[in-house]
Amino acid sequence: RMGFDCIDSRQIDDDYHMFGALNFPEGHPARDDYDTFMTQEGLIAPAHTSTMQNRVLRKGKPPIRTVIIGRVFRNEDLDAKHEHTLNQIEGVYVDKNINVGHLLATLQEFLQSYYKTDVKFRIQPAYFPFVEPGFEFAISCPFCNEKGCMTCKYEGWIELLGCGMIHPNVLLEGGIDPKEYSGFAWGLGLDRLVMMKHDIEDIRNFQAGKLEFLRQFK
């Protein structure tokens with residue numbers, strides 16, 4: 001409803017789209033094969049849907065409004081909250097005179113529509129190579145109105161996603177003049193949104209093939 005196109009991410013990609021186009025410096029820990037799944041040929045199982053960002057920027061002149069959805073793969077120790085395979089949604093918005101206010105308003109509108117209730121948000125600075133400034137985005141718990149519950153670990157707030165203004169180097173690499181255009185991007189786990197909304201305690205249920213779990217959503 002906010003005018004975004006929707007595309008699918010790739011499940012195998014290359015070093016350039018995973019790192020180079022996203023302003024990851026040489027020697028960054030994420031480039032090590034113990035942190036990222038890589039094939040013997042040097043191909044990569046994407047750890048984030050941001051691998052599509054350069055392609056989105058190059059597809060046409062701004063305004064650009066695109067949502068990317070796909071599976072991502074992480075070298076994680078598995079537990080109830082962490083899985084090696086999950087689903088992510090990436091948002092990319094580029095136009096003239098875009099600022100942090102547009103980013104925050106877009107995320108708030110999306111989350112309020114999804115949870116069907118008003119939510120407050122707060123941000124704190126965070127580092128991601130492909131955005132500047134970068135933020136961690138938290139929302140007031142939509143289930144207890146900040147009173148504290150199991151979903152928010154009795155804190156009243158839930159840290160939900162990373163986001164920020166697209167780094168000028170990323171815009172340049174995508175063929176866009178950062179002196180003329182600006183934009184924002186965010187990435188969040190779809191599995192986590194679904195877990196919160198439906199009170200699912202274990203993320204591993206999504207991959208387990210348990211019929212009693214799957215039949216809840218028919």
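The lining of the second largest pocket splits by class into six nonpolar, one polar and two charged residues. For that count, Ala, Val, Leu, Ile, Met, Phe, Trp, Tyr, Cys and Pro are nonpolar, Asp, Glu, Lys and Arg are charged, and the others, Gly among them, are polar. This is a predicted model, where local features need pLDDT of at least 70 and side-chain atom pairs count only at pLDDT 80 or more, while totals for chains, interfaces and linings use all residues. Residues are numbered from 1 along each chain as its sequence is written, and side-chain values use heavy atoms, with hydrogens and water left out.

Who lines this pocket? Arg1, Met2, Phe4, Val67, Ile89, Glu109, Phe110, Ser113 and Trp186 do. Helix 3 (residues 100-115) gives the largest share of the lining, three residues. The volume is about 260 Å³. A pocket here is an open set of points on a 1 Å grid over the protein atoms alone, where a 1.4 Å probe fits, with protein on both sides within 12 Å along at least five of seven lines; lining residues have an atom within 4 Å of a point. Volume is the space filled by probe spheres set on the points, which are joined across faces, edges and corners.

Helix 3 also packs on helix 5 (residues 190-198): their axes come within 11 Å and cross at roughly 45°. Axes are lines fitted to C-alpha atoms over the stretch in contact, with angles from 0 to 180 degrees between N-to-C directions. The two helices are therefore oblique to each other, a label for angles that are not under 35 degrees, over 145 or 65 to 115. The crossing is right-handed, that is, the near helix is turned clockwise from the far one by less than a right angle. Phe110, Leu111, Tyr114 and Tyr115 of helix 3 meet Leu193, Val194, Met196 and Lys197 of helix 5, with contact meaning heavy atoms within 4.5 Å. Those contact residues comprise seven nonpolar, no polar and one charged.

Now for some backbone oddities. Most residues other than glycine have a negative phi, and most peptide bonds are trans. Helices (H or I, at least four residues) and strands (E, at least two) are DSSP runs, numbered from the N terminus.

| Site | Backbone value | Place |
|---|---|---|
| Proline 62 to proline 63 | cis, omega about 10° | proline 63: loop between helix 2 (53-58) and strand 2 (64-73) |
| Glutamate 132 to proline 133 | cis, omega near 0° | proline 133: strand 5 (residues 131-140) |
| Asparagine 97 | phi near 60° | loop between strand 3 (85-95) and helix 3 |
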